[in-house]
Each structure stands twice: as structure tokens, then as C-alpha cells.
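Work through the exercises below with the sequence and the structure side by side, and try each task before reading its solution.

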Amino acid sequence: MTERIYYTDSYATEFRAAVVDATPDHLGIYLDRTAFYPTSGGQPYDLGTINGIEIREVMDEEDGRVAHLLSAPLDASDVECRIDWARRFDHMQQHTGQHLLSAVLLELFGAQTVSFHLGAESSTIDIARGVLDPGEVRRTLERANQIVFENRTVTVTFRHSSEDLGIRKPTEREGVVRIVSIEDLDQSACGGTHVRATGEIGGVLIRRIEKVRGNMRVEFLCGMRALKRAHADYEALADIARAFSATLDETPGLVRTTIEKLQDSEKARRKLAIEVAQARGRQLYWETPHASDGLRRARRTVPEITDELRAEAQAFAGCERAVFCAVVEEPPSLLLAASKDSGINAGQVLKEAVSKAGGRGGGSSTMAQGSVPTLESLNSIVTHWA
Ligand SMILES: [Zn+2]
């Protein structure tokens with residue numbers, strides 16, 4: 001078993017140790033004692049150096065040993081170790097912040113924490129509760145930060161599992177149990193690294209709430225992460241506010257009303273586009289001369305069949321003795337509209353023609369649409385119509 005310095009001292013950043021074992025390539029080494037935290041309990045591993053060689057990963061092994069994976073082989077019996085303190089302290093802030101938030105969520109709403117993840121950007125806890133409304137989020141945030149300001153002590157004690165531990169979440173651990181306590185608030189069984197007083201958490205920010213498998217997932221950041229994130233959010237909001245020439249507080253309301261206005265004007269634009277298409281259809285009718293059989297036939301090539309095209313066709317074929325045909329070359333498809341007095345049943349005629357060409361389509365007696373496999377068959381169909 002490796003002696004774990006961080007169990008009793010989370011602030012040890014430099015230490016000496018003896019190498020007790022190594023992998024054959026000397027890239028993995030085992031020490032008699034270590035302050036490097038191996039990934040466990042939701043907290044990621046520490047980085048740093050051993051005799052100046054960068055650590056790539058630290059792992060907890062089942063036999064109780066800690067494996068240090070190095071970026072270059074190391075051959076030594078005594079080593080000098082240095083922890084990447086910025087990374088470790090950040091982890092200590094997020095992890096203690098998690099204990100604090102979990103305790104507050106239990107205190108305020110009776111919500112147990114079921115899992116914890118400390119990520120590179122932000123951290124999450126899943127709580128056994130189906131909802132957490134904005135008012136509850138604000139209460140959680142205020143209570144957690146109040147306890148930060150009170151700078152309550154965070155202590156580590158070792159107890160035996162047979163005792164009444166009075167901890168927030170039962171542990172399955174047998175024998176000696178490490179208990180991390182926040183003064184007058186919380187006691188948890190935990191092997192992670194924590195700050196010594198809540199003030200060092202440096203502020204808690206809740207950033208996202210989402211439902212995950214029946215639980216609520218609470219995304220949070222502490223310390224410098226919270227500051228940086230809040231500043232990035234400020235910059236994003238300020239950017240939007242500038243575009244509206246408004247203050248930050250006015251911006252959310254302005255965005256909402258602008259979206260509503262946009263939706264209204266899009267609706268109006270579509271209505272006008274249909275009216276223009278109908279006028280175009282009627283104009284085209286009057287510009288199209290009669291054929292010898294008395295029918296006016298119009299043919300158009302278009303990039304696609306749209307609502308506007310259908311409106312144009314309907315207006316054209318809404319006049320007397322009229323046949324309107326539109327073709328799309330890619331993919332080969334067509335639209336046929338015919339006036340009631342034209343003697344042509346658009347649905348029937350189009351269905352027969354496209355079926356013969358191996359395509360499909362149909363519609364009403366005055367308007368029909370279909371597609372065919374090739375441009376040649378499309379052209380040969382429409383030459384009979386217009
Ligand atoms: Zn912990």
C-alpha cells in the first residue's frame with residue numbers, strides 16, 4: 001500500500017519519496033509515499049514532476065498502490081516530487097464546492113446527491129429530485145455562497161465504520177473511514193482533496209440545470225473557474241447588447257420582442273409572396289395567346305416546386321380554358337394545373353403519364369404533381385401538354 005500524504009495534508013506540494021517498484025520500461029513507478037492524487041471518487045488525477053520528469057497520469061490500483069505514469073523513463077531510488085499546484089488547488093475548490101452544494105441541496109430540499117463528476121471545464125452533480133425551478137436554484141446559490149463567506153472550517157477525521165458516523169450518504173467502506181466535515185453543515189466519507197475553509201472555495205456559480213434519467217443534473221463552477229465563466233458570459237451578453245444598443249438588463253426582453261417581430265414579418269412576407277404569385281399567374285394568362293383549340297397553355301421551367309409556384313398555377317388555371325405546366329429538371333418532376341372547362345383532368349392525365357414513364361404522382365382534377373426517373377421522359381411527357 002502506498003502511504004497517501006494528501007489524506008492528512010492536501011497542501012503538501014513538494015515531497016521526497018523512495019521508489020519501491022517500477023514497470024520494466026521504467027515509465028510507471030511506485031513510491032513508498034505520495035501526495036499525487038490518483039483519479040477516484042469523481043476527482044481527476046494530479047499532474048506535476050518526479051525528479052523533473054512530467055507526470056502523464058496517476059492511477060489508483062486495486063491492491064492499494066498508486067501508479068505514477070511518466071513521460072520519460074526514470075531510474076532512481078530516491079526522488080524529489082513536485083505537484084502542479086494550480087491544477088490541484090482548482091480541483092480542491094471544485095471538490096469542496098461539491099460537498100457544499102450537495103449539503104445545501106439536502107438541507108433546503110431533501111435532495112440526495114447520487115453522483116459527482118469533476119470535468120475540465122465545469123463539474124456536475126446529479127440529485128435525486130425531478131425538478132429544480134429557477135427560484136430554488138437561486139436559493140441554493142445564495143445559501144452556498146453565504147457559507148463560503150462565513151469561511152467555515154473544513155476538517156478531515158478518521159473513524160471506524162462500526163461507529164455511528166452521522167454522514168450525509170452511507171458508505172460501504174469497512175474499517176477506517178476518512179470523513180470530511182464542513183463546520184456545522186456536512187459530514188461525508190471521502191478520499192479526495194479539499195480546501196481547509198469554505199472561503200477558499202472562492203464563490204459558487206450554478207450554470208445549467210437539466211433532467212437526466214429522472215434526476216436533475218446541476219452544473220456548477222467554483223473559484224477562478226466561476227469568475228472566468230461569469231466574465232465570458234458577460235462578454236457574450238455585452239456583445240448582444242451592443243448589437244441592440246441596449247443595456248445588459250434590457251437585452252433579454254429585446255431579444256424576445258425582436259424574435260416575435262421577425263416571426264410576424266415572415267408571416268406577412270409569405271402572404272404577400274403568395275399574392276404576388278397569384279397576380280403573376282393571372283398576368284401570364286392574359287399574355288398567353290389562345291391555341292387553335294381555344295386553350296391558353298403556359299409552360300415554365302423552375303428550380304423547384306414551391307407554394308408560390310402552386311399559387312401561380314392555381315391563379316392561371318383559375319381563368320377560362322387554361323392549362324399550366326411547370327417542370328423541374330433536377331430531380332425530374334412536374335406540376336400540371338388545368339381549368340375546369342379545359343376538358344383535361346390534371347390528376348388523371350398526370351398520373352397516367354408518369355406511371356407509364358416509371359414515375360409516380362397524382363392530385364386533384366385541377367392540380368397535380370409528380371416525378372419521373374429521367375429528364376428525357378419528363379420532356380416527352382410535357383410536349384403533349386404545353
Ligand atoms: Zn470529497
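**Exercise 1: Two strands and their sheet**

Task: Find which way strands β18 and β20 run relative to each other, and how many bridges join them.

Solution: In this predicted model, strand β18 covers residues 333–338 and strand β20 covers residues 367–371, and the two run antiparallel, joined by five bridges. To check the register, look for L335, which stands opposite Q369 in β20. The next step is to widen the view to the open sheet, where five strands follow one another in the order β16-β17-β18-β20-β19 with mixed pairing. At the edges lie β16 (296–301) and β19 (360–363), each of which pairs on one side only. From one strand to the next, the twist averages 10°.

**Exercise 2: A helix across the sheet**

Task: Determine which strands helix α5 lies across, and which of its residues are buried.

Solution: Begin with the helix itself, which spans residues 307–317 and lies across β16, β17 (322–328), β18 and β20. Its direction can then be compared with that of β17, to which α5 runs at about 160°. The buried residues of α5 are L309, A311, E312, A313, A315, F316 and A317. Finally, ask what covers these residues: the cover includes helix α4 (251–287) as well as the strands β16, β17, β18 and β20.

**Exercise 3: A hairpin**

Task: Describe how β9 and β10 pair, and how many residues the hairpin between them has.

Solution: Strand β9 takes in residues 113–118 and strand β10 residues 123–127, and they pair in the antiparallel sense over five bridges. Within this pairing, H117 has T124 in β10 as its bridge partner. The connection from β9 to β10 is a hairpin of four residues.

**Exercise 4: Salt bridges**

Task: Compare the salt bridges D90–R225, D233–R207 and R270–E266 by where their residues lie.

Solution: As background, side chains of opposite charge can pair when their charged atoms come close. The count for this model comes to 26 salt bridges.

1. In the salt bridge of D90 with R225, the closest N and O atoms are 2.7 Å apart. Because D90 lies in helix α1 (residues 85–109) and R225 in helix α3 (residues 223–244), the pair ties together parts that are 135 residues apart in sequence. D90 has a relative accessible area of 15%, which is under 20%, so it counts as buried. R225 is buried too, at 13%.
2. D233 and R207 also form a salt bridge, with 2.7 Å between the closest N and O atoms. Since D233 lies in helix α3 and R207 in strand β14 (residues 204–212), this pair ties together parts that are 26 residues apart in sequence. D233 counts as partly exposed at 27% relative accessibility, and R207 counts as partly exposed at 33%.
3. The side chains of R270 and E266 meet in a salt bridge at 3.5 Å from N to O. Because R270 and E266 are four residues apart in helix α4, about one helical turn separates them. E266 is partly exposed, with a relative accessible area of 30%.

A further group to locate is the network of salt bridges that links D21, D63 and R65.

**Exercise 5: A nonpolar patch**

Task: Identify the residues that make the nonpolar surface patch of about 250 Å².

Solution: The patch is made by V156, F158 and V176. Of these, V156 lies in strand β11 (residues 154–160), and with a relative accessible area of 34% V156 is partly exposed.

Definitions and conventions:
Residues are numbered from 1 along each chain as its sequence is written. This is a predicted model: local features need pLDDT of at least 70, side-chain atom pairs count only at pLDDT 80 or more; totals for chains, interfaces and linings use all residues. Side-chain values use heavy atoms; hydrogens and water are left out. Two strands pair if DSSP finds at least two bridges between them. Axes are lines fitted to C-alpha atoms, for helices over the stretch in contact, and angles run from 0 to 180 degrees between N-to-C directions. Contact means heavy atoms within 4.5 Å. Patches are made of residues with over 30% relative accessible area and no salt bridge: like charges are joined within 9 Å, nonpolar side chains (Val, Leu, Ile, Met, Phe, Trp, Tyr) within 5 Å. Accessible areas come from the Shrake-Rupley method with a 1.4 Å probe; for residues, only the protein chains shown count as cover. A salt bridge is a side-chain nitrogen of Lys or Arg within 4 Å of a carboxyl oxygen of Asp or Glu. Buried means under 20% relative accessible area, exposed over 50%, partly exposed in between (1.4 Å probe, protein chains only).
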